[in-house]
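Biologist: I keep running into labels for bits of proteins, and I'd like to know what earns them. Could you walk me through some?

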Amino acid sequence: MAKNKKILIIDDEAYIRRVLELKLKNRGYEVLTAANGEEGFSAIESQQPEVVISDIMMPKLDGKTLCEKTNPIKKKRRFLTIIVTARINPEERDWIAQMQDTIFMEKPFSPNKIVDAIEKYLKGRE
Amino acid sequence: MNELKTFEALLSNITPFCRLHFQIRDSAGKMIFFTGDAVPEAFPPEKSQVMVETIIAQNRFQYDTAGPNFLCGHPLRNHQETLGALLAGGHSSRGLNPGEDTPFAGSTQPREMESLLGSLAALVEEKLTTQQEIEEMTLKLDQGFEDLYLYARIASQIKTLKLSDDMLKLLMEELLESMRVDAAFASLSHKRNYKLDLIPPRVSEKFSFQKNFFEKILNLIPLNATATNENYFIINDSREDPCYRELLSEPYRFLAVRVQHQGAVYGWLGLLCFNLQEIFRQGELKLLLSLAEQMAMIINNTNLYKNLEQFVVNMVKSLVFAIEAKDRYTRGHSERVSTYCMLMGARLGLSKKDYEALKWASILHDIGKIGIPESILNKKDQLTNAEFEIIKNHTVKGSKILKPIEHLGDSLPGIIHHHEHFDGSGYPDGLRGEEIPLTARIIAVADTFDAINFSRSYRGASIDEKVIDILEKLAGSQLDPRLVEVFKKVYTEDMKSD
């Protein structure tokens, strides 16, 4: 299995970070966390994670802007972005579709399904 | 044990002052870290290994010397088990003795070393225990997320509120994926037709089954009286019984819940799984039972609005569980309070309407706590005035959250006023006596009882009659004296029976 891959979780809710962090760590991933979009962006640049899980509504830098800023990076180095959002509306669906390697999960989300999506992506890349 | 890396810095800083070298090893003897350079003379590998084994086996301090060197170690425990050992070693003639080249006076004799390592071990253990508690709570929360997800998905799918075959297929799909099982199916009877129709089961790829497998397994249910409970039927391991074994060559576990509501039975909802490493959790059973009940209600009820409301109510109930997951002192509180209220309501002979209102108000009375930060809910010290105002606001906030649900209209007074005091000193409106709605007065008694009873049992103090004494002291000031009497009856006669 493709383990010890880096996964970055960006969410301003500590309990969401904690649940995903423990779940992914138990699966053997290396997990990094960030509490806002700005921290998240600099972690993407410096740590080069394979997967980024991000909220949309966040302080400092929202998920949409974060995606727009990271999309050019993906031309050089591929990684998966999973956007977690409370309500998905057509406009959101549209801009997410424009981004490379970006999918969304509706809140309340299933931690198991997030793991499935990560494993599917990493397997596809091998 | 890996969290202990934080202690590496601390112990490394101690080493140059006292010439003691430290190691932390896990219960298998594996090194977590050591301080300074590895000092072979103080820590001969075989000797360290033997010492760790002895410490784990005997669960106490060990001390040993070899020539000028000594080696000692202290167990690291959490509540249940010994997780590893903290070792210290050095040269007996160097180090802590007065007149040596360190500024510290001290001794490396067994008694002193035991005391030193004991207090260091206590620090480490505290960290380990906290870490473990956090992990346990996080795992529970993780399950809560899964359950909430399933609720939300199904709620969004049951928009039409007509239980069509297509919708059932989707439902089975969801069950299959989120509950991590290999097959999900429903078998439902339609009105006045006792023949069960099998909804096309959803199965995972690795599952190949005979055409009539599901009929056969359902046929077993009424025959096997011992395994049949009122609402569900469970096979934890098909190898236990030849009846189960002969249906399918591969070992499996199986869970079916009755699709029923208010006594009317419509069929079964079943799950099958080949992974015998895990079992069906209590939480999964509860969730499945509640899904089955909702299916039954949809079949039962053609009134679209009522169904929609019921659904919202159930969603809200799952929110209650989410709140209680945050507040560690009130876990299960709402459910208990509701039980007490129902018993009191039955004794008071409430009308069906009032009884229903009480039922929902009692289970939802703390829903307004939803936005209160954990730091306030779990605060051990006295709350500041501002924090107390936030807590107080939960009664009004709760009613605002539930106001849109028409079905709960009669329950709102009970939620808003459950912190009013009988003498008028409560909140939010300072109502007194009979001005306070009856449902609110009932909830106040049950709520107060559970708060006292639970916090006492939490602290391990003796319980029982003393709680009742406290309630009696509050009768007339905080609580309605007549209802305290009713509660005493409930407590002595209804609650003792189980």
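Modeller: Let's start with Ile10(A), which stands opposite Ser54(A) in β3(A). This is a predicted model, where local features need pLDDT of at least 70 and side-chain atom pairs count only at pLDDT 80 or more, while totals for chains, interfaces and linings use all residues. Residues are numbered from 1 along each chain as its sequence is written, chains are lettered from A and ligands numbered from 1 in the order written, and side-chain values use heavy atoms, leaving out hydrogens and water.

Biologist: How do you know that strand β1 of chain A and strand β3 of chain A pair?

Modeller: Two strands pair if DSSP finds at least two bridges between them, and strands themselves are DSSP runs (E, at least two residues; helices are H or I, at least four), numbered from the N terminus. Strand β1 (residues 6–10) and strand β3 (residues 51–55) of chain A are joined by 4 bridges and run parallel, so they pass the test.

Biologist: What makes β2 and β5 of chain A edge strands?

Modeller: The open sheet runs β2-β1-β3-β4-β5 in chain A, with parallel pairing. Each of β2 (30–34) and β5 (102–106) pairs on one side only.

Biologist: Over to chain B: why is the link between Glu356(B) and Lys359(B) called a salt bridge?

Modeller: The term asks for a side-chain nitrogen of Lys or Arg within 4 Å of a carboxyl oxygen of Asp or Glu. In Glu356(B) and Lys359(B), the closest N and O atoms are 3.5 Å apart, so the name fits. The two are 3 residues apart in helix α10 (residues 352–364) of chain B, about one helical turn.

Biologist: What ties Arg77(B) to Glu125(B)?

Modeller: Another salt bridge, with the closest N and O atoms 4.0 Å apart. Arg77(B) lies in strand β4 (residues 69–77) of chain B and Glu125(B) in helix α3 (residues 110–157) of chain B, so the pair ties together parts 48 residues apart in sequence.

Biologist: Why is Glu125(B) called buried?

Modeller: Buried means under 20% relative accessible area, exposed means over 50%, and partly exposed is in between (1.4 Å probe, protein chains only). Glu125(B) has 15%, so buried is right. Its partner Arg77(B) has 29%, so Arg77(B) is partly exposed.

Biologist: And what makes Glu389(B) partly exposed?

Modeller: Its relative accessible area is 46%, so Glu389(B) falls in that in-between range. Glu389(B) also forms a salt bridge with Lys392(B), the closest N and O atoms being 3.6 Å apart.
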